[in-house]
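Student: I am new to this structure and should like to be guided through it by question and answer. May we begin once it is displayed?

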Amino acid sequence: MTTDTRPVRPRRTTRQPSRLVTNLVLIVGAAATALPFFWMIFSALKPRSEAVAYPPRLLPAEPTLEFVRYLFTTLDFGRYLVNTLVVVAIGFVGLLLMAMAGYAFAKFQFRGRGLLFALVLSTMMIPVQVTMIPTYLILARIGLTNTLVGIALPTLVSAFSIFLFRQFMTTIPDEVLEAARIDGAGEIRIFLSLVLPMSGPILAVQTVLTFIAGWNSFLWPLVIAGDQSRYTLSVGLALLNQQVATNPSLQMAGAAVMVVPILVVFVIFQRYIVQGFTLSGLK
Amino acid sequence: MTVLAPPRLQAPPVTRPSRRHRGGWVPYAFVAPAMVVLVAFAVLPILVAGVVSTTDMDISGLADPSSVSFVGLENYRRLVADPQFWNALRTTGAFTVVGVPVIVVASLAVALLLHRSGGRLASTLRAFYFLPAITAIVAVALVWGYLYNSQFGLLNYLLSLVGLGPVPWLSDPTWARFSVGLVAVWRATGLNIIIFLAALQGIPHEYDEAAQLDGATELQRTRRITVPLLRFAIFFVTVTTVISWLQFFDEPYVLTQGGPNDATTSISLYIYEQGFRYNQFGFASAGSLVLFVIIAVVTVVQLRLRGSDDH
């Protein structure tokens with residue numbers, strides 16, 4: 001037996017059990033983290049009597065979709081869903097604006113570029129509590145309170161997204177753009193049919209994040225939506241919050257309607273989200 | 001706490017400006033729409049907040065601007081004299097002091113374990129840990145409110161199985177702080193775990209292998225090699241976590257509305273209540289600017305400390 005192989009070999013065997021412990025700890029932690037989600041979904045399927053029963057049982061004995069139906073028939077969740085999708089769609093307009101700005105910062109030389117980009121970055125430090133009241137006053141002044149556009153506008157453009165677009169788009173070779181210009185392509189066409197297709201990964205990340213942010217947004221819908229016809233899912237759900245003691249099944253059904261689509265989007269696009277944080281230069 | 005957009009972490013790659021295209025008016029046209037929105041909803045509000053904070057603007061002033069009058073620094077004087085403001089400040093401070101280490105240590109620990117485990121299982125579990133970060137706060141409030149419920153809540157039932165409880169999760173002031181803090185920690189760790197994992201992937205294997213050949217145990221390697229190499233990520237997560245605790249709002253707003261007895265009223269919640277429940281826009285703007293200054297000072301101090309640590 002030679003001494004130089006010794007440090008590696010025996011270690012392998014002693015490491016096996018501790019790897020098992022690592023995985024066990026991780027599984028228990030993940031289960032505890034996900035417990036509220038399982039509890040939400042199972043409770044959404046319980047009749048009311050089971051949801052308020054003590055001791056509680058994890059699985060519904062007589063599963064029912066009664067309360068999911070109730071949300072969309074008796075309550076107005078269908079409308080809230082449409083409103084939420086409209087807010088999300090307006091968010092995608094913002095995505096286009098941010099991609100355009102990122103492209104200009106990355107690929108053009110123009111007077112005031114450094115100053116404007118510094119301005120963009122500095123807005124990242126402004127907390128929402130400071131802008132909340134003034135933004136409300138500004139929206140009231142231009143008559144956009146109680147509109148879906150008013151709900152989407154304050155968060156339409158994020159400095160961080162512009163920054164990410166810029167970071168990614170600097171990697172597009174100048175030669176490609178120059179060649180297109182020499183071929184006589186217009187600037188808008190270059191952007192739409194050359195730059196955007198070459199920015200696939202960053203667009204994927206931003207699309208997922210924009211969807212999640214718009215779908216989940218709560219503060220602005222709460223402040224801006226005055227009457228029920230403008231409510232989004234999150235505001236409609238907040239109304240259910242006021243009946244905590246009365247009907248947990250209905251509340252969990254509402255929460256599930258809000259959360260399950262996000263879970264699906266997340267599971268499908270998970271790797272892009274992780275990639276997004278790697279792209280941001282976090283190594 | 002909301003998912004924070006991490007600020008820029010590295011200097012942007014240096015590109016040769018000479019190769020950039022001079023497009024005349026074109027770049028301005030591309031930048032303008034986004035800049036207009038950004039100026040209208042980020043830059044202009046700061047200026048408006050400054051002006052409004054020196055007035056007695058309220059809901060009637062909104063309808064009829066001529067009824068608003070200039071009051072100088074009166075709002076700031078009232079703020080300093082308000083015991084509720086100081087209470088909210090102390091509460092926020094307590095949450096920050098306890099919450100920051102908990103979040104940083106918990107997410108670092110999970111990230112190290114996930115990294116060590118590697119493979120398919122780890123990437124599946126990673127998704128579980130990340131889920132709370134992308135869940136709507138209103139849904140979080142409903143589900144946790146149900147879990148915490150004193151009559152038929154799951155948590156008290158689980159505690160009773162091991163002979164503990166019942167715990168007054170949201171009705172006792174001290175427990176209420178713990179309960180909203182727990183939800184905040186649950187929501188905040190996912191994003192930080194992803195950040196630490198990205199950083200861990202950037203560490204070359206050679207360091208670890210060299211130390212292993214020298215006979216260092218795994219715990220020693222983690223403490224003396226991995227964690228020090230994560231210094232920048234730890235610093236970044238600490239700074240963003242401090243900021244998000246200083247802005248702590250969502251969890252107490254939806255779970256306790258600041259109660260019981262203002263035990264969970266953070267400074268952000270206090271400002272929101274003054275502004276949108278009592279419609280004192282001028283007074284609330286003064287409070288929000290004070291919060292802004294506190295956040296800016298705390299962040300700059302941390303950046304300075306970090307700077308001196310490097311030399």
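Student: Which distance separates the centres of domain 1 of chain A and domain 2 of chain A?
Tutor: This is a predicted model. The domain assignment of chain A gives domain 1 as 3-51 and domain 2 as 75-243. Taken over C-alpha atoms, the centres of domain 1 of chain A and domain 2 of chain A are separated by 37 Å.

Student: Which element of chain A has the highest mean pLDDT?
Tutor: Chain A averages a pLDDT of 85, and 89% of the residues score at least 70. Over residues 1-15 of chain A the pLDDT stays under 50, and the model has 2 contacts beyond four places in sequence for them. Among the elements of chain A, the lowest mean pLDDT, 80, belongs to α1(A), and the highest, 94, belongs to α4(A).

Student: Which element of chain B has the lowest mean pLDDT?
Tutor: The average pLDDT of chain B is 86, with 93% of the residues at 70 or above. Among the elements of chain B, α4(B) has the highest mean value, 95, while the lowest, 76, is that of helix α2 (residues 59-63) of chain B.

Student: Where in chain B is the pLDDT below 50, and how many contacts does the stretch 14-18 have beyond near neighbours in sequence?
Tutor: Over residues 1-12 of chain B the pLDDT is below 50, and this stretch has 27 contacts in the model beyond near neighbours in sequence. Residues 14-18 of chain B also have a pLDDT below 50. For residues 14-18 of chain B, the number of such contacts in the model is 2.

Student: How many helices does chain B have?
Tutor: Along the sequence, chain B follows the pattern α-α-α-α-α-α-α-α-α-α-α-α-α-α. Its C-alpha atoms fill a box of roughly 75 × 75 × 35 Å, taken along the principal axes. Chain B has 0 strands, and its number of helices is 14.

Student: How are α4(B) and α8(B) oriented towards each other?
Tutor: Helix α4 (residues 83-117) of chain B and helix α8 (residues 173-201) of chain B pack with their axes 7 Å apart, at an angle of about 45 degrees. Because of that angle, the relation of α4(B) to α8(B) is oblique.

Student: What is the handedness of the crossing of α4(B) and α8(B), and which residues meet there?
Tutor: The crossing of α4(B) and α8(B) is right-handed. The residues of this contact divide into 15 nonpolar, 6 polar and no charged. Those that meet include B:F95, B:G99 and B:L114 in α4(B), and, in α8(B), B:G181, B:N192 and B:F196.

Student: How many residues does each chain give to the contact, and which helix gives the most to the side of chain A that touches chain B?
Tutor: The contact takes 88 residues from chain A and 88 residues from chain B. On the side of chain A that touches chain B, the residues divide into 63 nonpolar, 21 polar and 4 charged. The element that gives the most to that side, with 14 residues, is helix α1 (residues 9-44) of chain A.

Student: Why is α4(A) described as oblique to α1(B)?
Tutor: The axes of helix α4 (residues 77-107) of chain A and helix α1 (residues 26-52) of chain B come within 8 Å. The crossing of α4(A) and α1(B) is left-handed. These axes cross at roughly 130 degrees, which means that α4(A) is oblique to α1(B).

Student: How many nonpolar residues are in the contact of α4(A) with α1(B)?
Tutor: Among the residues making the contact are A:L97, A:M98 and A:Y103 of α4(A), together with B:P27, B:F30 and B:V37 of α1(B). None of the residues in this contact is polar or charged, and the number of nonpolar residues is 13.

Student: Which peptide bond in the loop between α12 and α13 of chain B is cis?
Tutor: Most residues other than glycine have a negative phi, and most peptide bonds are trans. In the loop between α12 and α13 of chain B lies B:Q257, whose phi is positive, about 50 degrees, although B:Q257 is not a glycine. B:P260 is also placed in the loop between α12 (250-255) and α13 (267-277) of chain B. The cis bond, with omega near -15 degrees, is the one from B:G259 to B:P260.

Key:
Residues numbered from 1 in each chain as written. Chains lettered and ligands numbered in written order. Predicted model: local features only at pLDDT ≥ 70, side-chain atom pairs only at ≥ 80, totals over all residues. Axes fitted to C-alpha atoms, helices over the stretch in contact; angles between N-to-C directions. Helix = DSSP H or I, 4+ residues; strand = E, 2+ residues; numbered from the N terminus. Parallel < 35°, antiparallel > 145°, perpendicular 65-115°, else oblique. Left-handed = near helix turned anticlockwise from the far one by under 90°. Contact = placed C-beta atoms within 7 Å. Nonpolar A, V, L, I, M, F, W, Y, C, P; charged D, E, K, R; others polar. pLDDT = per-residue confidence, 0-100. Domains from an automatic or database assignment.
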